[in-house]
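Reader: I am a first-year student, and I should be grateful for a close look at one part of this structure. Would you please take me through its aromatic rings and their surroundings?

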Amino acid sequence: MTRNHDLAPETLAAQALGFVDPENKALVPPVHHATTFERPPGGISGPGFSYSRNDNPSYTQVEALLQRLEGGADALVMASGMSAVTAPFLALAPGDHVVVQNVMYWGVRRWLKTFATRWGLDVQFVDAHDLDELRAAMRPGKTKLVWVETPANPLWGIVDLAAASEIAHAAGARLAVDSTVATPVLTRPLEHGADLVMHSATKFLNGHSDVLAGALVTAVKDDYWERIEQVRRDLGTVMGPQEAWLLLRGMRTLHIRVRKACENAQAIAEAMDRHPKVSHVLYPGLPDHPGHDVARRQMVGGYSGILSIRVAGGIEASLAAMRRMTVFHSATSLGGTESLAEHRASTEGPGTPVPDDLIRLAVGIEHTQDLIDDLTQALDG
């Protein structure tokens with residue numbers, strides 16, 4: 001299946017690890033809709049496929065590609081980003097202590113505060129950008145998992161992954177990283193000491209706003225990883241084969257899409273930083289961003305395709321600007337070819353840490369000046 005282990009990541013992705021169908025020499029894998037597979041005589045399960053809740057040939061190629069891109073020991077694709085997020089927590093035991101970043105994707109924060117807490121996990125939220133606070137939260141022998149997101153949605157703070165991994169490991173805990181926004185194009189968390197990487201593959205990995213998917217990559221195949229595999233199998237949080245095929249199709253263009261989105265986001269951030277009706281631009285590619293120096297160390301080739309702006313004049317001014325946008329679509333999600341804008345405080349509701357003047361901009365791959373012009377006219381009114 002893989003023809004050259006020394007190929008660059010761009011080549012590995014574009015060629016889906018050099019796939020060639022062994023029977024008909026097709027360069028695109030087929031979709032395996034089968035849910036069950038013939039077992040050896042006698043009905044005893046052995047190597048290979050048996051049932052699609054366990055595995056399916058349509059999963060294996062995309063998992064192998066993601067494993068290679070992240071430099072991990074194994075990978076799993078799942079039905080959604082949330083199923084990929086929750087599996088590492090569900091692989092723990094009630095009573096286990098977990099330390100979690102306090103500003104991150106709101107769906108994860110909500111799940112941890114409700115289901116995970118009721119189920120019995122001891123969840124502690126911290127400012128993971130403050131390494132002293134992170135270190136103080138550790139309970140050696142009790143803390144099992146540290147969960148961080150970088151860049152962190154939607155304020156785009158940067159966590160020092162090397163330092164966070166040292167802190168977690170010193171306490172006997174694992175470090176898991178939501179790297180959805182960075183993608184393996186910009187950051188490979190396992191190289192910085194992380195134990196687990198999560199992607200909402202719905203976003204940049206697929207990149208076409210037509211697949212719901214999640215993925216996990218592990219640094220080692222151990223008993224904890226086996227429990228995560230069991231969560232996927234027993235809860236049935238598997239992808240459909242068509243979705244797996246679409247995800248692999250999207251990942252073939254991952255590198256060029258991410259780089260164009262980064263180029264657009266950097267230009268927009270610099271333009272908005274000069275706009276009189278924007279009070280703050282939150283983007284790690286700007287030199288005055290508090291996480292810029294760390295981002296320079298652990299992000300290669302760009303600072304992501306997403307940023308946030310805070311509009312002078314408060315919530316009414318921000319909502320008015322959104323109503324005037326014509327190129328940016330008012331919609332949730334990120335990582336697609338099209339640019340999206342969202343008033344996150346309205347989406348997240350009561351208890352959100354997001355300022356009510358903030359607009360999140362998920363930047364696509366359109367012409368740069370069209371995007372800047374649209375934001376400028378929307379702000380100018």
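Author: The account below begins with the aromatic pairs and then turns to a helix, two strands and the cores.

The model is predicted, so local features need pLDDT of at least 70, side-chain atom pairs count only at pLDDT 80 or more, and totals for chains, interfaces and linings use all residues. Residues are numbered from 1 along each chain as its sequence is written, and side-chain values use heavy atoms, with hydrogens and water left out.

Rings of Phe, Tyr and Trp (for Trp, the six-membered ring) pair if their centres lie within 6.5 Å; planes under 30 degrees apart count as stacked, over 60 as edge-to-face and the rest as tilted. By this rule there are 4 aromatic pairs. One of them joins Phe 37 and Phe 49, a tilted pair with 5.6 Å from centre to centre and 40° between the planes. Both residues lie in the loop between helix 1 (9–14) and helix 2 (57–70), so the pair ties together parts that are 12 residues apart in sequence. Helices (H or I, at least four residues) and strands (E, at least two) are DSSP runs, numbered from the N terminus. Buried means under 20% relative accessible area, exposed over 50%, and partly exposed in between (1.4 Å probe, protein chains only). Phe 37 counts as buried because its relative accessibility is 19%, while Phe 49, at 31%, counts as partly exposed.

The rings of Trp 111 and Phe 115 have centres 5.5 Å apart and planes at 20°, and therefore the pair is stacked. Both residues belong to helix 4 (residues 106–119), where they are 4 residues apart, about one turn of the helix. An α-helix has 3.6 residues a turn, so residues three or four places apart point the same way. Trp 111 is buried at 14% relative accessibility, whereas Phe 115 is partly exposed at 38%. These two residues form one aromatic cluster with Phe 89 and Trp 147.

A ring may also lie beneath a charge: the charged end of Lys 113 sits over the ring of Phe 125, 5.4 Å from its centre. The rule requires NZ of Lys or CZ of Arg within 6 Å of the ring centre and within 35 degrees of the ring normal.

Two further aromatic residues, Tyr 224 and Trp 225, are buried in helix 8, as are Ile 228, Val 231 and Arg 232. Seen down the axis of helix 8, its buried residues fall within an arc of 105°, so they line one face of the helix; the arc is that of the directions from the helix axis to the C-beta atoms.

Leu 196, in strand 6 (residues 196–199), is buried at 4% relative accessibility. Beyond its neighbours within four places in sequence, Leu 196 is in contact (heavy atoms within 4.5 Å) with residues including Tyr 224, Trp 225 and Ile 228.

Asp 122 lies in strand 3 (residues 122–126) and is partly exposed, with a relative accessible area of 27%. Leaving aside neighbours within four places in sequence, Asp 122 is in contact with Gly 95, Asp 96, His 97, Val 98 and Arg 139.

A nonpolar core is a set of buried Ala, Val, Leu, Ile, Met, Phe, Trp, Tyr and Cys residues joined through side-chain atoms within 4.5 Å. The largest has 90 residues, and Ile 268 and Leu 307 have the most contacts inside it. Apart from this core lies another, of 27 residues, among them Ala 91, Val 108, Val 123 and Met 198.
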